[in-house]
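Work through the following exercises with the sequence and the model at hand, and try each task before reading its solution.

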Amino acid sequence: MNILMIAVAGLIIFSLAAAPSEGAPKSPIEADAQLTQLPGEFSFTEGPAADANGDVYFTDQPNDKILRWTAGDGKIETWMAPSGRSNGLCFDSKGNLWACADNENELWRIDREKKVTKVVTSYGGKLLNGPNDVWIRPKDAGVYLSDPLYKRDYWKRGGMEQAVQGVYYLPKNGTELTLVDGDMKQPNGLIGTPDGKTLYVADIGDGKTYAYAIGRDGALSERRLFCSMGSDGMTIDSEGNVYLTGRGVTVFGKDGVQIAHIDVPENWTGNVCFGGHDKRTLFITASKHVYTIRMRVHGVGSQ
């Protein structure tokens, strides 16, 4: 795929050119779509999540901010600062924003008035390693959380707190986590299907992404290798395609076969979600910038 950069009205637009191969699956990217760099420069963008209106919230963790892109006018503004050094974000059905508050290794729920509830502050009497990504199951509001270790220079403690870098489950209205997978090197991005039956978790430390069946009680079973690629953040679209990040954005079909790749002119792509009023704009948080591209498909469920 070739990239041509064009500056238009303060935006930087990257024209993507790629010839589809004969018999290839239909690309999820809209025909003739252009990658656009939104205005603003940040320290490290992460955790994009869209609310019911299509407004996209994302974090700038080094600067301790949650920012908001508004679907109506496309403006970006600081929504909350400080923000507990929030990383991954996810909205629930009531419009609350859940945040992996990395400063004290907590899981927060933030209401529309920006009131913070510290839902989880520990596991087994110890701090978590560093909550990273969160997904809320639409079916029953159960919460899944990844807890890798990325030692921060702002911590007033040491390094590893838990025995493993794991994936946890929190039932609706619960305060006690359950470890649902402790057999990973460094779990990071996670996303589930809108029917609440499948969870995808990326083991970025081992370069693999797994799929699980989700039980009624939130337990995970039938772990299988989805693809041999890890990921920072993840999302899923209306056709069940799974989006992994790191070097650009790589899209896999439900069968785990790569069907598309979006080149991004940054050293690292941290996360991705669908936003805008019709949820057909893909938002890509990539290091110092945020990029968008129009898609043929749209986002679904909790992003």
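**Exercise 1: a hairpin and its strands**

Task: describe how strand 24 and strand 25 are connected, and determine how far strand 24 is enclosed.

Solution. Strand 24 and strand 25 form a hairpin with five residues between them, and in the turn Gly 276 has a positive phi of about 85°; strands here are DSSP runs of E, at least two residues long, numbered from the N terminus. This is a predicted model, in which local features need pLDDT of at least 70 and side-chain atom pairs count only at pLDDT 80 or more, while totals for chains, interfaces and linings use all residues. Residues are numbered from 1 along each chain as its sequence is written, and side-chain values use heavy atoms, with hydrogens and water left out.

Next, consider the pairing, which requires at least two DSSP bridges between two strands: strand 24 (residues 271-275) and strand 25 (residues 281-286) pair in the antiparallel sense over five bridges, and Cys 273 stands opposite Phe 283 in strand 25.

Finally, five of the five residues of strand 24 are buried, so the strand is largely enclosed by the rest of the structure, where buried means under 20% relative accessible area (1.4 Å probe, protein chains only). Asn 271, Cys 273 and Gly 275 point one way, and Val 272 and Phe 274 the other way.

**Exercise 2: a loop residue**

Task: locate Met 184 and decide whether Met 184 is buried or exposed.

Solution. Met 184 lies in the loop between strand 15 (178-181) and strand 16 (187-192), and with a relative accessible area of 10% Met 184 is buried.

Conventions: Buried < 20%, exposed > 50% of the residue type's maximum accessible area, 1.4 Å probe, protein only. Helix = DSSP H or I, 4+ residues; strand = E, 2+ residues; numbered from the N terminus.
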